[in-house]
Amino acid sequence: MSTTPFAGRTVLVTGGTSGIGAATAQHFARLGARVHAVGLGADAAAFDAGLDITVTELDVTDRPAVDDFFGTLTELDVLVPAAGVTLGEAELSPEGFDKVIAINLLAVQYFAYKSAPLLARSGSGTIVTLASMLSTFGSSDGPGYAASKGAIVQLTKSLAQIHAASGIRCNAVAPGWIDTPLLESVKTVAPETYTGLLARTPLGRFGDPTEVARAIAFLAGPESSFITGVVLPVDGGYLTV
Ligand SMILES: NC(=O)c1ccc[n+]([C@@H]2O[C@H](COP(=O)([O-])OP(=O)(O)OC[C@H]3O[C@@H](n4cnc5c(N)ncnc54)[C@H](O)[C@@H]3O)[C@@H](O)[C@H]2O)c1
């Protein structure tokens, strides 16, 4: 198999400035892709030198800015809308709930909408969204996050149907508990939750962002050519318990 299966392909990763998104941007670039990583706190120095990664500061909820960004894009083969936040108990307030839904759900739909014409022109375009264990479970201290991630699953299945005729496949990964700044925030706001999550993960550890990136690349590439509308857990067995 080629070591650069994404050579000549253009990949857009939102939330590409940290955690799973940054690992995904770097992974696709190592597989030969030209990568656009957008998000907050953009820092090109965070990536290995020599990779074709363009890092852009962009708030995914700022639609005029997103429109401007898409105005600069001429090609796109893969969209990974990974930007996401959790605010803990602040999500119990309407303002916190709305903020999480705006970033984790509405912006994903908007990026998919804006990407669709370019992905259709690609001929083998793909979208890989970020679901979660909280697509399956409710959350007393993160209702906005759980609602957004439940909705991402149905959005992903719907996009799979909407865009199938254009040759665009759309799938999701559902990461278990992955060692990123987002998980660090759980450690801070809910330490008992943090240790409980580790205890019920059969493989006995948190995942590495690159392990999620590899699953995303599988769903984005030709090896999964007859797969669309699925949600692939990448969770160390968490959902089996
Ligand atoms: N870490 C986990 O255990 C885990 C588990 C399941 C799902 N996920 C999902 O994976 C995705 C990435 O999470 P992570 O753990 O890497 O988080 P992270 O905190 O490391 O990174 C989040 C990214 O989202 C970006 N972002 C946040 N708000 C934004 C905004 N308004 N505009 C643009 N970018 C914005 C940040 O800049 C950052 O790049 C999220 O969708 C998250 O829900 C993570």
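# Exercises on a predicted model

Strand E1 has buried residues on both sides, with Thr-10, Leu-12 and Thr-14 on one face and Val-11 and Val-13 on the other. The structure examined here is a predicted model. The exercises below begin with E1 and its neighbouring strands and then turn to helices, single residues and the ligand.

## Exercise 1. Strand E1 and its partners

Determine how many residues of E1 are buried, and identify the strands that E1 pairs with in the parallel sense.

*Solution.*

Step 1. Five of the five residues of E1 are buried, and the strand is mostly covered.

Step 2. In a regular strand, side chains alternate between the two faces of the sheet. The division of E1 into Thr-10, Leu-12 and Thr-14 against Val-11 and Val-13 can be read in this light.

Step 3. E1 pairs with strand E2 (residues 34-39) in the parallel sense over five bridges. Within this pairing, Thr-10 stands opposite Arg-34.

Step 4. E1 (residues 10-14) is also joined to E4 by four bridges, and these two strands run parallel. Here Val-13 has Val-80 as its bridge partner.

## Exercise 2. From E4 to E6

Trace the pairing from E4 through E5 to E6, and state which residues cover the two sides of E4.

*Solution.*

Step 1. Strand E4 comprises residues 78-81. Val-78 and Val-80 lie on one side, Leu-79 and Pro-81 lie on the other, and all are buried.

Step 2. Two bridges pair E4 with E5 in the parallel sense. Leu-79 stands opposite Ile-127 of E5.

Step 3. E5 is joined in turn to E6 by five bridges, again with the strands running parallel. The bridge partner of Val-128 in E6 is Asn-171.

Step 4. E6 is mostly covered, with seven of its seven residues buried. Arg-169, Asn-171, Val-173 and Pro-175 point one way, while Cys-170, Ala-172 and Ala-174 point the other way.

## Exercise 3. Helix H1

Compare the expected span of H1 with the distance between its end C-alpha atoms, and explain why H1 is described as largely enclosed.

*Solution.*

Step 1. H1 covers residues 19-30, which are 12 residues. At 1.5 Å a residue, the helix should span 16 Å.

Step 2. The end C-alpha atoms of H1 are 17 Å apart, which agrees with that expectation.

Step 3. Of the 12 residues, 10 are buried, so H1 is largely enclosed by the rest of the structure. Among them are Ile-20, Gln-26, His-27 and Phe-28.

Step 4. After H1 comes Gly-32, which has a positive phi, near 105°.

## Exercise 4. Helix H4

Check the span of H4, and find the elements against which its buried residues pack.

*Solution.*

Step 1. The 21 residues of H4 (residues 143-163) should span 30 Å at 1.5 Å a residue. The end C-alpha atoms are 30 Å apart, in agreement.

Step 2. The buried residues of H4 include Tyr-145, Lys-149, Ile-152, Thr-156 and His-163.

Step 3. These buried residues of H4 pack against helix H3 (94-122) and strands E5 (126-130), E6 (169-175) and E7 (231-234).

## Exercise 5. Two helix residues

Decide whether Ser-115 and Ala-147 are buried or partly exposed, and list their contacts.

*Solution.*

Step 1. Ser-115 belongs to helix H3. Because its relative accessible area is 0%, Ser-115 is buried.

Step 2. The side chain of Ser-115 reaches the backbone oxygen of Phe-111 at 2.7 Å. Leaving out residues up to four places away in sequence, Ser-115 touches Phe-70, Leu-76 and Leu-79.

Step 3. Ala-147 is found in helix H4. Its relative accessibility is 32%, so Ala-147 counts as partly exposed.

Step 4. Apart from neighbours within four places in sequence, Ala-147 contacts Phe-97 and Ile-101. Phe-97 is 50 residues away along the chain, yet the two C-alpha atoms are separated by 9.1 Å.

## Exercise 6. The ligand

State how many residues surround the ligand, and describe its polar contacts with Thr-17, Tyr-145 and Ile-178.

*Solution.*

Step 1. The ligand is surrounded by 27 residues, and the closest are Thr-17, Ser-18, Ile-20, Tyr-145 and Thr-180.

Step 2. A side-chain N or O atom of Thr-17 is 2.7 Å from a ligand oxygen atom. For Tyr-145, a polar side-chain atom lies 2.5 Å from an oxygen atom of the ligand.

Step 3. At Ile-178 the contact involves the backbone, where a polar atom is 2.8 Å from a ligand oxygen atom.

Step 4. Taken alone, the ligand exposes 830 Å², and the protein buries 94% of that.

Terms used: Residues numbered from 1 in each chain as written. Predicted model: local features only at pLDDT ≥ 70, side-chain atom pairs only at ≥ 80, totals over all residues. Heavy atoms only, no water. Expected span 1.5 Å × (residues − 1). Buried < 20%, exposed > 50% of the residue type's maximum accessible area, 1.4 Å probe, protein only. Contact = heavy atoms within 4.5 Å. Near = heavy atom within 4 Å. Polar contact = N/O pair within 3.5 Å; in protein donor to acceptor, adjacent residues only side chain to side chain. Areas by Shrake-Rupley, 256 points an atom, 1.4 Å probe, with all protein chains shown as cover. Pairing = 2+ DSSP bridges.
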